[in-house]
Amino acid sequence: MSVEARRLAVLCAHLDPTRLPSDPRSPRLSGSVCASASDTGNHDFREDCVFCKIVLGQSPALKLYEDDMCLCILDSSPLSHGHSLIIPKSHFPSLDATPPSVVAAMCSKVPFISNAIMKATGCNSFNLLVNNGAAAGQVIYHTHIHIIPRKAYDCLWASESLRRRPLNLDDEKVSQLAARIQKQLLPSDICQDSKNENFCSSKS
């Protein structure tokens, strides 16, 4: 099974286990090819990465937007009409491995690009999605953000029909979880900084 077919199968399984691609063995990329990146001088690429090949103009894709840091393409196996991807021009295997400046550049384009997609598709809503890691459905290990246009009652997300359980703020396990996360958010060098001694001691 190709990377694109496996990616579609994983995404569909996460979004709606009852909806599977009709023939996962025969995915097709769009016929229109991205032009070669105008400035590849400061970008890192991987030869085996399909997104890097798209950035370099070596693999076909329908390009919607491009600047020095990122580009946006139509997803080759869309979950909805207009499903698009924002990808950085440099190769980073996951969101947590992507520099904040690159993430900021990608996210800063979301309002502009999503508005264009919604107008073009007649939608008034969209999901913004990042699959980070295999358990979350990531199949192509080059950071990317999904923009998925939505319409009322499209039944795309199976989980939308499930009732959520409210968080019990008085539960000791919940408080312990919050404390563990807060501890991980503290860089170790902050606690060694005398200016932050009181802050660190209050968190320990």
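What share of the contacts in the chain with a separation of 6 or more comes from residues 24 or more positions apart? The figure is 58%, where a contact means heavy atoms within 4.5 Å. The structure is a predicted model, in which local features need pLDDT of at least 70 and side-chain atom pairs count only at pLDDT 80 or more, while totals for chains, interfaces and linings use all residues. Residues are numbered from 1 along each chain as its sequence is written, and side-chain values use heavy atoms, with hydrogens and water left out.

As for confidence, pLDDT is the predictor's own score for each residue, from 0 to 100. Its mean over the chain is 79, with 71% of residues at 70 or more. Two stretches stay under 50: residues 10-41, for which the model has 62 contacts beyond four places in sequence, and residues 191-204, for which there are 6 such contacts.

The chain holds 7 helices and 5 strands, taken as DSSP runs (H or I, at least four residues, for helices; E, at least two, for strands) and numbered from the N terminus. Along the sequence they come in the order α-α-β-β-β-α-α-β-β-α-α-α. Of the 204 residues, 35% are buried, meaning under 20% relative accessible area with a 1.4 Å probe and protein chains only; exposed is over 50%, and partly exposed lies in between.

Pro-88 sits in strand β3 (residues 84-88) and counts as buried because its relative accessible area is 0%. Setting aside neighbours within four places in sequence, the contacts of Pro-88 are Val-55, Met-69, Cys-70, Val-102, Met-106, His-142 and Thr-143. Val-103 is 15 residues from Pro-88 in sequence, with 8.3 Å between the two C-alpha atoms.

Val-103 and Thr-143 turn up again around Thr-98, which touches both of them and Phe-92, not counting residues up to four places away. Thr-98 belongs to the loop between β3 and α3 (100-108), and at 7% relative accessible area it is buried. The side chain of Thr-98 also reaches the backbone oxygen of Ser-94 at 2.7 Å, a polar contact (a pair of N or O atoms within 3.5 Å; within protein, one must be able to donate a hydrogen and the other to accept it, and residues adjacent in sequence count only if both atoms are side-chain atoms).

The loop between β4 (125-129) and β5 (145-150) carries His-144. An unreviewed UniProt entry annotates His-144 as "active site"; such annotations may be inferred rather than shown by experiment, feature names are shortened, and positions follow the numbering used here. His-144 is buried, at 5% relative accessibility, and its side chain reaches the backbone oxygen of His-142 at 2.7 Å.

What about the cysteines? The count comes to 0 disulfides, a disulfide being a pair of cysteine sulfur atoms within 2.5 Å. Cys-72 forms none because the closest cysteine sulfur, in Cys-70, is 8.3 Å from its own, too far for a bond. Cys-72 is buried at 0% relative accessibility, and Cys-123 is buried at 12%.

Helix α5 (residues 172-184) offers a simple geometry check. The expected span is 1.5 Å times one less than the number of residues, so its 13 residues should cover 18 Å, and the end C-alpha atoms, 19 Å apart, agree with that. At the start of α5, a side-chain oxygen of Asp-171 comes to within 2.9 Å of the backbone nitrogen of Lys-173.
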